[in-house]
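These entries record what I looked up in the structure shown below. I took local surroundings, aromatic rings and the main pocket in turn.

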Amino acid sequence: MRAIKVVDYDPSWPRLFAEISTEVSALLGDRLLSIDHIGSTSVLGLAAKAKIDLAAVMISDAFLPAAIEVVRAADIVFHGDTGEQRWAFTRDHQAYGFKLYLCGPDNRAHRERILFRDYLRDHPERTKAYAELKRRLAAEAGGDWDFYTGGKTEFVSETVRLGCLEDMKWSAPALHATID
């Protein structure tokens, strides 16, 4: 089994994301709604695996089959549907790699990843706790990726729930303003 290596935050991660997103944007063209930096490398100061996670959101689910074929043809390894109507791809380089997810504009899993990222960005104490959990799990996993990933599930779910509550709190005044 391949060891799970969690490293300190690297200030080059935003630059790497920008480079990769430029490449993906050129591949997908005007049918691309957004490219979002997700995962631990998207949170300033958070320890992470040295792999940039990004999500390419298409303007419509109808464009996903063509987008999948375009990315597959670009020498990026295709891993299939994650089970969430998100299609995963990877590419590794010597110093870093990336994981790309393709999805449609109303994808729930994508929305949850954005809520998770944004909550961590706004709550440094939660970011610190997540880094500690990841380091502990990586040390205990002995290369068992299911153990590592499964060990984060409760923390991630709770953080998404907190992010939803915070998101609702910010949306509530706007709702009241439209009702009045």
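**Entry 1: Ser25**

I listed the contacts of Ser25 and found that Ser25 touches Leu32 and Ile35, leaving aside residues up to four places away in sequence. I note at the outset that the model is predicted. I located Ser25 in helix H1, which covers residues 13–28. For the pair Ser25 and Ile35, I read a C-alpha to C-alpha distance of 7.6 Å, with a separation of 10 residues in sequence. I then looked up accessibility: Ser25 counts as partly exposed because its relative accessibility is 32%, between the limits of 20% and 50%.

**Entry 2: Ser40**

I next turned to Ser40, which I found in the loop between strand E1 (32–38) and E2. Is Ser40 buried or exposed? I recorded a relative accessible area of 12% for Ser40, so this residue is buried, the cut-off being under 20%. Residues up to four places away in sequence aside, I found Ser40 touching Leu46, Ala47, Ala48, Tyr130 and Lys134.

**Entry 3: Thr127**

I placed Thr127 in helix H4. Thr127 counts as buried because its relative accessibility, 8%, is under 20%. With residues up to four places away in sequence left out, I listed Val43, Leu46, Leu120 and Arg121 as the residues that Thr127 touches. Leu46 is thus a contact of Thr127, and I had also entered Leu46 among the contacts of Ser40.

**Entry 4: Aromatic pairs**

I searched for ring pairs and obtained a count of 5 aromatic pairs. One of them joins Tyr9 and Trp13, an edge-to-face pair with 5.2 Å centre to centre and 80° between the planes. I checked burial for this pair and found both Tyr9 and Trp13 buried.

Why is the pair of Tyr130 and Phe155 stacked? I found the ring centres of Tyr130 and Phe155 to be 5.0 Å apart and the planes to be at 10°; the pair is stacked because that angle is under 30 degrees. This pair links distant parts of the chain, as Tyr130 belongs to helix H4 and Phe155 to helix H5, 25 residues apart. I noted that Tyr130 and Phe155 are both buried. I also recorded one aromatic cluster formed by Phe116, Tyr130 and Phe155.

**Entry 5: Charges over rings**

I looked for charged side chains over ring faces. Arg126 lies over the face of Phe155, at 3.9 Å from the ring centre. I found Arg86 over the face of Tyr101, also at 3.9 Å from the ring centre.

**Entry 6: The largest pocket**

I read about 1300 Å³ as the space in the largest pocket. I counted 40 residues lining the largest pocket, of which Lys49, Asp53, Lys99, Tyr101 and Lys152 are the closest to its centre. Tyr101 is therefore a name I enter twice, since Arg86 lies over the face of Tyr101 and Tyr101 is one of the residues closest to the pocket centre.

What is the make-up of the lining by class? I recorded 15 nonpolar, 12 polar and 13 charged residues in the lining of the largest pocket.

I then asked which elements supply the lining. At least two residues each come from strand E2 (51–58), strand E4 (87–92), strand E5 (97–103), helix H3 (108–122), helix H4 (124–141) and helix H5 (145–179). H5 gives the most to the lining of the largest pocket, with 8 residues.

How values were computed. Residues are numbered from 1 along each chain as its sequence is written. This is a predicted model: local features need pLDDT of at least 70, side-chain atom pairs count only at pLDDT 80 or more; totals for chains, interfaces and linings use all residues. Side-chain values use heavy atoms; hydrogens and water are left out. On a 1 Å grid over the protein atoms alone, a cavity is a set of points where a 1.4 Å probe fits but cannot get out, and a pocket is an open set with protein on both sides within 12 Å along at least five of seven lines; lining residues have an atom within 4 Å of a point. Grid points are joined across faces, edges and corners, and a volume is the space filled by probe spheres set on the points. Helices (H or I, at least four residues) and strands (E, at least two) are DSSP runs, numbered from the N terminus. Ala, Val, Leu, Ile, Met, Phe, Trp, Tyr, Cys and Pro count as nonpolar, Asp, Glu, Lys and Arg as charged, and the others, Gly among them, as polar. Buried means under 20% relative accessible area, exposed over 50%, partly exposed in between (1.4 Å probe, protein chains only). Contact means heavy atoms within 4.5 Å. Rings of Phe, Tyr and Trp (its six-membered ring) pair if their centres lie within 6.5 Å; planes under 30 degrees apart count as stacked, over 60 as edge-to-face and the rest as tilted. A charge sits over a ring if NZ of Lys or CZ of Arg is within 6 Å of the ring centre and within 35 degrees of the ring normal.
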